[in-house]
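This report introduces selected local features of a protein model to a reader who has not met it before. The sequence and the structure are shown first, and the description follows.

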Amino acid sequence: MRITDTADLWWKNAVIYCLDIETYMDWNDDGIGDMPGLVQRLDHLAELGVTCLWLMPFYPTANRDDGYDITDHYGVDKRLGTHGDLVELIRTARDRGMRVIADLVVNHTSDQHPWFKAARSSKDNPYRDYYVWRTEAPPSTKKEVVFPDQEDSIWELDEKTGEYYLHRFYKHQPDLNVANETVRDEIAKMIGFWLEVGLSGFRVDAVPYLLEGADPNGEDEGGDPHDYLRSLRSFLGRRSGDAILLGEVNLPHADQRKFFGDGAGDELTMMFDFIGMQNLYLSLARADAKPIARALQARPEIPKDAQWATFVRNHDELTLDKLSEDERQEVFAAFGPEESMQLYGRGLRRRLPPMLDGDPRRLRMVYSLLFSLPGTPVLFYGEEIGMGENLDVPGRLAVRTPMQWTSGRNGGFSAARPSRLAAPVVTGGFSPEHINVAAQRRDPDSLLSHISLLIRRYRECPELGWAPVKILEQPFREVLAHQCTWDDGSLVALHNLSSEPVVVPLEVEELDGDGELVDLLADGRVQGDEKGRVEVSLEGYGYRWLRVVRPGTRRLV
């Protein structure tokens, strides 16, 4: 490993874990998760192998969008804890080798934010220009609405002043006017404040909409919007040299590259690979590796210091918007055939285990694939034990149910009455009686043990964070065979997306006649011939991580 390449780029081989404090662990038994509760569960995350916590919004909120409608960007929601609790959380996480990042939500505020209350009080209020207004009635913007079941326009009439304000999301979330230099200064102050508290960066919400806000009327008032993103990255670097901006940018590859800085690496540090995720589900639905292979090969080249964030699901609906209509319907038919499982006609509000009918073979194969892909894996809380969703809970909240710690009352999340819980606990086959941390900690064959092993092996393979992907040719459409080679390490990974066993012929040039492939997840090895040709056996839904070992190899196997 080249230490000069990796020592300060911690995000290249991190394991990120996203959680909502409100639904993770309730320590005072009021039914709402809190920071002291999370501190008590940090050892679980450390044992799992997590190196970075991503906290969903913990700021004061009007609580109409699960915390994303913020009323004070410098505060801590009193239901969750205090600034002191947060500092203790960050300090304790660091003691266990984990950094902490948090959501940066600055595309909009709550309509209960003091800025907006002042802005709508009169047209000449000093805060008026913190938001985006228009005098004339807007044209139809129904096609631009993000939540079509809730809104029919991105403009809302303010009765008091007779003008319309912009809201890309809900009408109770007015957009900030990021073209305003004063607003930009406020955002910089927010970032600087939380860095001083101890955060190691931010997951930046809705980045494309944020940059649209830098020039809301298309008049180039704020200059090149990407100049603004570059200025944020520069400010972040000045205040904290190793802090990150992890961006939510669900756009085609050509547009995504721009958000990395078009090769300069001076904008976002990391970006979620939405296209890879969506094509993974298409591949699973078809038992055909071609969609995910094509998506991986189509990834644009990124700056050396940048990184893709890979994931199976996140806290929102599982969006499928970059698939064609026919492809999306294939995924719906396979994993969400009922209308109640779908959202906005573009995504699924389900977790992976119920989508796979609880099949442990497929579940383990998918997570093996996730951790073997080049990039930084991101887990959503509960994935490590195979939690399901609660479809009785509306919208995206179906997957934001209380963490299941034990088989006891409320899954060990809280001793409060069920009616007082922040969200209902999952019922049925994926309830805490069947799925919980305590039971899986004692079971060496559990999903928790499996994911812990994957994380350990991922951390031992820096090439997965640094190398580009190479798709290996082989005759089976249901098999993804890929290789990552960097410095003195080379890993070959194979995943069988079908239930039928196969023997996969491969040619691995790095074997060069005197090497072999050694299993990293189990006992086993495959010898290559003089031309580097091997045959690798895979069970139905089987997977193998194979280290290329040659004379003189110093990698741990």
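Threonine 319 belongs to strand β11, which spans residues 318-319. The model is a predicted one. With a relative accessibility of 9%, threonine 319 counts as buried, because buried means under 20% relative accessible area. The side chain of threonine 319 makes a polar contact of 3.1 Å with the side chain of aspartate 321. Leaving aside residues up to four places away in sequence, threonine 319 is in contact with Asn250, Phe274, Met277, Gln278, Arg346 and Gly347.

A second strand residue, histidine 482, is located in strand β16, residues 479-486. Histidine 482 has a relative accessibility of 1% and therefore also counts as buried. A polar atom of the histidine 482 side chain lies 2.9 Å from the backbone oxygen of serine 372. Serine 372 also appears among the residues that histidine 482 touches when residues up to four places away in sequence are not counted. That list further includes Leu369, Leu373, Val469, Lys470, Ile471, Leu472, Leu491, Val492 and Ala493.

The next subject is a pair of helices. Helix α6 covers residues 181-197 and helix α8 covers residues 225-239; they pack at an angle of about 30°, and their axes are 10 Å apart. Why are α6 and α8 described as roughly parallel to each other? Angles under 35 degrees count as roughly parallel, and the angle between α6 and α8 is about 30°. The crossing of α6 past α8 is right-handed. On the α6 side, the residues that meet α8 are Arg184, Ile187, Ala188, Ile191, Gly192 and Leu195. Their counterparts in α8 are Tyr228, Leu232, Phe235, Leu236 and Arg239. Sorted by class, this contact of α6 with α8 comprises eight nonpolar, one polar and two charged residues.

Two loop residues concern the backbone angle phi. Aspartate 29 has a positive phi although the residue is not glycine, and alanine 287 likewise has a positive phi in a residue other than glycine. The table gives the values and places.

| Residue | Phi | Loop between |
|---|---|---|
| Aspartate 29 | near 60° | β1 (16-19) and α2 (35-40) |
| Alanine 287 | near 55° | α10 (274-286) and α11 (290-298) |

Is aspartate 29 buried, partly exposed or exposed? Aspartate 29 is partly exposed, its relative accessible area being 36%.

Terms used: Residues numbered from 1 in each chain as written. Predicted model: local features only at pLDDT ≥ 70, side-chain atom pairs only at ≥ 80, totals over all residues. Heavy atoms only, no water. Helix = DSSP H or I, 4+ residues; strand = E, 2+ residues; numbered from the N terminus. Buried < 20%, exposed > 50% of the residue type's maximum accessible area, 1.4 Å probe, protein only. Polar contact = N/O pair within 3.5 Å; in protein donor to acceptor, adjacent residues only side chain to side chain. Contact = heavy atoms within 4.5 Å. Axes fitted to C-alpha atoms, helices over the stretch in contact; angles between N-to-C directions. Left-handed = near helix turned anticlockwise from the far one by under 90°. Nonpolar A, V, L, I, M, F, W, Y, C, P; charged D, E, K, R; others polar.
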